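Dear colleague,

Please find the structure handed over below. My notes on it follow, with each term explained where it is introduced.

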2 protein chains.
Amino acid sequence: MKKTITLFFTLFIGYAQAQNADSVTIRKIYNEALANGKSYEWLRHLTKQVGPRLSGSTGAQKAVDWTKQVMEQQGFDRVFLQDVMVPHWVRGAKEEAFIHNGKQKITVPIAALGGSVATAAKGVEAGIIEVKTFPELRALGADKVKGKIVFFNRPMDPTKINTFEAYGGAVDQRANGATEAAKLGAVGAIVRSMTNVHDDNPHTGGMRYGTGVALIPTAAISTNGADLLSKLLAENPNLTFYFKQNCETLPDAKSYNVVGEIKGSEKPDEIIVVGGHLDSWDIAEGAHDDGSGCVQSIEVLRIMKSLGIKPKRTIRAVMFMNEENGLRGGVQYADLAKKNNEKHIAAIESDNGGFTPRGFGIVGTPEQREKVMPWKPLLAPYGLTDIGAGGGGADIGPLAQLGTVLFGFKPDSQRYFDYHHTAVDKFEAISQRELELGAASMAALVYLLDQYGL
Amino acid sequence: MKKTITLFFTLFIGYAQAQNADSVTIRKIYNEALANGKSYEWLRHLTKQVGPRLSGSTGAQKAVDWTKQVMEQQGFDRVFLQDVMVPHWVRGAKEEAFIHNGKQKITVPIAALGGSVATAAKGVEAGIIEVKTFPELRALGADKVKGKIVFFNRPMDPTKINTFEAYGGAVDQRANGATEAAKLGAVGAIVRSMTNVHDDNPHTGGMRYGTGVALIPTAAISTNGADLLSKLLAENPNLTFYFKQNCETLPDAKSYNVVGEIKGSEKPDEIIVVGGHLDSWDIAEGAHDDGSGCVQSIEVLRIMKSLGIKPKRTIRAVMFMNEENGLRGGVQYADLAKKNNEKHIAAIESDNGGFTPRGFGIVGTPEQREKVMPWKPLLAPYGLTDIGAGGGGADIGPLAQLGTVLFGFKPDSQRYFDYHHTAVDKFEAISQRELELGAASMAALVYLLDQYGL
């Protein structure tokens, strides 16, 4: 019994000492991010000097070159590119749209959805029919829809506390609205922007055409525009809607994932990834989506280096290409990892904006999640209290098939969709402290993953 | 034994049913705030139509009249004013300041601190001496300080996770800097703005003169201005600083707390207060500080009424006057409560900005705090996880002497000092969802306090 008690105390003291050492290191990580952080100035460059960087664009190439250069300047052990062919969609000249109500022509702000075809050169004008759901659309039938434009106007549910849930409950309209409308002979699809705010910014985003349907042009309309259109339609169901867009899909282009690495001192073959996506929509500076995730990921490695933390395992910052309209970078990264027999024990993605940290979602087995739970008291002082099963991230998703445990960084979600995929997702929308706290939170998790594995 | 088990299960089932009913009501409270909330439009009016409202100003009187009217229109059971005499400090014409460095005159942004005296009409120009702390100042001694302006340049500590802690560690310079400088014969005091951001906004705020010292003029300088001044001083310790300000303290003015009330159905003599302060600094619209707290408090009562929640106890929304430069409203409220033998069981203040809710600080006995703990699972789904001992709020502080348990609403602190006491604390700095979530959080706590007491 005495022996057992002694053993217990030895273990307990060992555990307490380890926790204390970890707590000191994590405090240093936050101090470094908050007092000497580089992420904010990097983001300024990425948004203001590089700017929009949709896959295949010159902006995307500049972003590749620049982030590679930044990581080289930081003296990471290895910085390299991974080739990946990406879709190359271009918007062309700015869209035009108006509501034609009797003699009135009321201009409304729209943005073609990524992947959409153009309208005819003279634009398309037709009657417009408002629906909230696909079943409602189908119930109307081809008779009522043929030759019309379909207006998908189901708002994000404001009562969802997590705005990503509300987004999930509305985004089918953007992704598949054109296909569902085309099945019934519609000539166009206009989709309410995915946001809870009422303003004049159209929110673009990805869409796909189903097989075997006509490719009809589709665009997002600002929420104010959608509300106006809905109101006018209620008064005059016979009004018409005009829009003209000039986008096209060019042949796939060559692009790159950008990878920076600190080699592990004990288990170099075990890899921990921290990443975000380098591409953004063409109308946005991509500050929250996802410049933040990129500069935070580079900052994680910089913090470790500057504090002299020599990780046991190999830590990689990955700037994934093409999350927005193809996910080719994420798929390619996992394919190469598989081909090269790399062992990725964990991957963390930051792609929910540069907001105040609240926690991490974990995709793994219950046993793997349990291994994380003892770290909670170490992270709680920094506001990281929402730690448990949850989503990982689009780019790291394909790594799951290799057995990698995925972590999605969860910042506060309230303001994300104020900016998402719009012209107002720009540097000025970023709080330096919130961004830096995010970087520190990711660094703290990387540190613990490296110390203890999973 | 069987009886005990039966009793246990009866109690347990009763408890579970009560928790479930509470959970449903709290969900309704959030739905109402997020789908039909009025706080955001009220705040728009208070900031844009009423505008700045320093104690004693016409803006403050307008704010009294307007919030009274809003609460009357909501049909609360009783809306009334409480007279209170308040300090009446006025800024006068905008300040001027420059660094006089050889032949260069470099203009820098300053704002007189509330309560400061004016400079002489032609301004004051003198050598300027930078210090970080009062001990450092005292170590210099009267020889080096006499006839000079003292420049207090200790920044808020960026490594503090809660920015209010960092503020607490720097604000002595603003509150007492002039007094400490005057003791050594200084002719003015310039204080670095209380913020972590680097920009051109001077942050005003309250200061007091100690007894028996000369009243020397004092102002805040923007952080960019402070950094520049510090840099130039390092190069040329003999440069001079010029500033001119035109503020004065007029005789006390009559003003009011504004109180709206829903009468309790079972225990009308037990009062629960929810409040914020109605006054703001003269250079600010007072959106975060503290228009948010005012409109959220009115919204709490509106939500209860609109959901048909008939409180057992009396619920009061209180717009306190004069938090910024006197706290006269808070003191008066408690004095009247005492005089009228009112029993205030709890008071909640929102005065930390209209940001995403994170919890509540509680000022009460350990037993009282323990009574709140079973509510945690009801509040956690809304991100309210930081609930425990902590600060209440300045205005409700004087109620503590009556045995009232105080609750400080704790929103996320990261961005508060970006705006605090500056011209950028305006409506545009508010996120509608964050504001509404705060109102709902306060309503949920009021609901639980009313249901279960303390």
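Is strand β11 (residues 267-277) of chain B largely enclosed by the rest of the structure or not, and how many of its residues are buried? Eight of its eleven residues are buried, so strand β11 of chain B is largely enclosed by the rest of the structure. Here, buried means under 20% relative accessible area, exposed means over 50%, and partly exposed lies in between, with a 1.4 Å probe and protein chains only. Strands (E, at least two residues) and helices (H or I, at least four) are DSSP runs, numbered from the N terminus.

Please note that this is a predicted model, in which local features need pLDDT of at least 70 and side-chain atom pairs count only at pLDDT 80 or more, while totals for chains, interfaces and linings use all residues. Residues are numbered from 1 along each chain as its sequence is written, chains are lettered from A and ligands numbered from 1 in the order in which they are written, and side-chain values use heavy atoms, leaving out hydrogens and water.

**Neighbours of β11(B)**

Two strands pair if DSSP finds at least two bridges between them. β11(B) runs parallel to strand β12 (residues 313-320) of chain B, and eight bridges join them; K267(B) has R313(B) as its bridge partner there. Six bridges join β11(B) to strand β13 (residues 343-349) of chain B, also in parallel, and G275(B) stands opposite E349(B) in β13(B). Together with helix α8 (residues 287-306) of chain B, β11(B) and β12(B) make a right-handed β-α-β unit. Right-handed means that, with the strands pointing away from the viewer, the path from the first strand over the helix to the second runs clockwise.

**Unusual backbone positions**

In chain B, a cis peptide bond with omega of about 0 degrees joins D289(B) and D290(B), and D290(B) is placed in helix α8 of chain B. A cis peptide bond also joins D289(A) and D290(A). H421(A) is not a glycine, although its phi is positive, at about 65 degrees. H421(A) lies in the loop between α12 (416-419) and α13 (432-452) of chain A and is buried, with a relative accessible area of 4%.

**Chain A as a whole**

Chain A has 13 helices and 16 strands. Of its 454 residues, 58% are buried. Its C-alpha atoms fill a box of roughly 90 × 45 × 40 Å along the principal axes.

Yours sincerely
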